[in-house]
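These are my notes from a first look at a structure that was new to me. I went through the sheets, then the helices that lie across them, and then the place where the chains touch.

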Amino acid sequence: MNKHLFSLPRLSLRFTTIWRRNFLVWKKMAGPSILGHLADPVIYMLGLGYGLGGMLPEINGMPYITFLAAGTVCYSTMNSASFEALYSGFTRMHEQRTWEAILNTPLSLDDIVFSEIAWAASKSLLAGIAVLAVIWLLGLSHSPMTLWLIPLALLVGLCFASVGLIITALAPSYDFFMYYFTLVITPMVLLCGVFFPVDQLPVLLQNISAALPLTHAIELARPLMSSAVPAQLAWHVTVLLGYALLGFYVSLVLFRRRLSQ
Amino acid sequence: MSAVLSVQNLRKSYAGQTVVDGVSIRIDKGECYGLLGPNGAGKTTTLRLMLGLIDPDGGDLNLLGLTVPRHAREARLRVGVVPQMDNLDPDFTVAENLLVYGRYFGMSDATIESRLPELLEFANLTGKRDAKVPTLSGGMKRRLTLARALVNDPDILFLDEPTTGLDPQARHLIWQRLRELNARGKTLLLTTHFMDEAERLCHRLAVMDNGRIISEGSPRELIERNIEPQVVEVFGEHAAAWANNHAVRYTQRFEISGETVFCYVQDAQPLLQNLLQQPELRYLHRPANLEDVFLKLTGREMRE
């Protein structure tokens, strides 16, 4: 029984049919969804950016609101993927038994888990584009390099969707997700440089920060605002991809175990 | 006749507890085959093993000429499944549910669209094409689930307690549809704990308990093989006392359950004569049925 619990994922393009299912559901609620992607980050960005930013000097040669905007792209895409992978994923797996229906067709659990990641990353992509549109509209950056924020949003989405699915695979109920948001996501927002540079933190916290994926996402996003190529580009991309691949594999093994009961 | 499904010595246990314990079944094309058993007998696990959704600990499985679980995906292309619990997409309309499900089988939107009128007609849902799932009644949801299982025009249908929770009208409509499918040559495999459902629909039945098949055959064979042909049910406050004094003499076998005595007999006449002299007792004389067989084989105690 356990012999294929740990086997590597077998992927095919069949997952696209599940992606299209989720897209059809989303289309029915597209208005509120897009508003959600825009309102929350924009309110934070404008409120803190102008309010707090007015009292602050420039940070690393950029106005505070621009500094914050780069963090917001990553934070918003992280949130999108996390909410989708946890709450919506759990709904499809457990509440609505959508997975069970799909498993009775020629699709496999590997297809389903990959479709969840691809779908959550798609929502991140949308969230990233929404914030980028605001950045352009407010004139916070005129650099064409900011277009790289789009593939970055997808990468951040893949990373946090995969990691989030580990929690979904372990969750007995929706309440369980509070642990993840309180103990993982919120500290990450405060430690990874969304609101202030990481070097303001004590060394211990800086070291923790260096291991967290959001830090690497922000290290990639921030230089793009001022048309610079991010330092240690390959390293940051590798870390994010590493989290994505590891999260995918671990969550898949956990889902296989959970659904073979 | 060719076997659509054949299972040899199937075994599965969870955490040391044996759930399926050496099950062998062969189902031929066009048959309606029923798996009967109390809750926890291993019916649903057996179905999931047959579909390749879980790996067996031992045994051989062949579904539509393909080895399962190794080729389960290919086999499921030609299988329809009606699950025990509804898992329709609540965000979608009736038609969208069928469209999205058909895509999982690799069907093009055009092909699915062309099958929609026939499927909706079959499910009596033509007028509900654009209705959202939460607005449907329990019977409509079941019929939509059945239509969904037919979207890929499968050779065999797996139905896990297809009428549980439905009112009599809704059940009869489902039965009628299942008989139509069977008449069109579809092979059906259903689990149930409704004896009338099994008796009406199934050509052959297997009674399952504790993960094993304890008897197999046509409904009539099961009754003939396992039980006396006549049953007299005796009711009343003193039924038990009467049974211990009189029923022993006139019956092959009797069982006391609360205030009812079930008397199993070859010839009911002597017993009925005796009952005429017991004005305080009421009774019902009837031929033995599948429920009697089921209770004899699996016992009367509750299963939780």
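Before looking at any pairing, I noted that two strands count as paired if DSSP finds at least two bridges between them. I also kept in mind that this is a predicted model.

**Entry 1, the sheet of six.** I looked up the strand order in chain B and found an open sheet of 6 strands, arranged 6-7-8-3-9-10, with mixed pairing. The edges of this sheet are strand 6 (79–82) and strand 10 (212–217) of chain B, each of which pairs on one side only. From one strand to the next, I read an average twist of 15°.

I then asked how many bridges join strand 6 of chain B to strand 7 of chain B. There are 4 bridges between strand 6 and strand 7 (residues 156–160) of chain B, and these two strands run parallel. For one residue I followed the pairing across, and found that V79(B) has I156(B), in strand 7 of chain B, as its bridge partner.

**Entry 2, the helix across that sheet.** Helix 11 (residues 290–298) of chain B lies across strand 3 (32–36), strand 9 (204–209) and strand 10 of chain B, and I noted that helix 11 runs at about 30° to strand 9 of chain B.

**Entry 3, the sheet of four.** Chain B also holds an open sheet of 4 strands in the order 12-13-11-14, and here the pairing is antiparallel. Why is one side of strand 12 and of strand 14 of chain B left without a neighbour in the sheet? Strand 12 (253–257) and strand 14 (282–287) of chain B stand at the edges and have a single partner strand each, so one side of each has no neighbour in the sheet. The twist in this sheet averages 15° from one strand to the next.

Strand 12 of chain B pairs with strand 13 (residues 260–265) of chain B over 5 bridges, in the antiparallel sense. Within that pairing I picked out R253(B), whose bridge partner in strand 13 of chain B is Y264(B). Helix 10 (residues 269–276) of chain B lies across strand 11 (230–235), strand 13 and strand 14 of chain B, at about 15° to strand 11 of chain B.

**Entry 4, where the chains touch.** The contact takes 22 residues from chain A and 21 residues from chain B. On the side of chain A that touches chain B, helix 1 (15–28) and helix 4 (98–103) of chain A are the elements that give two or more residues. Helix 1 of chain A gives the most to that side, with 6 residues. I sorted the residues of this side of chain A by kind, and they divide into 8 nonpolar, 9 polar and 5 charged.

Terms used
Residues are numbered from 1 along each chain as its sequence is written. Chains are lettered from A and ligands numbered from 1 in the order in which they are written. This is a predicted model: local features need pLDDT of at least 70, side-chain atom pairs count only at pLDDT 80 or more; totals for chains, interfaces and linings use all residues. Axes are lines fitted to C-alpha atoms, for helices over the stretch in contact, and angles run from 0 to 180 degrees between N-to-C directions. Two residues are in contact if their C-beta atoms, placed from the backbone, lie within 7 Å. Ala, Val, Leu, Ile, Met, Phe, Trp, Tyr, Cys and Pro count as nonpolar, Asp, Glu, Lys and Arg as charged, and the others, Gly among them, as polar.
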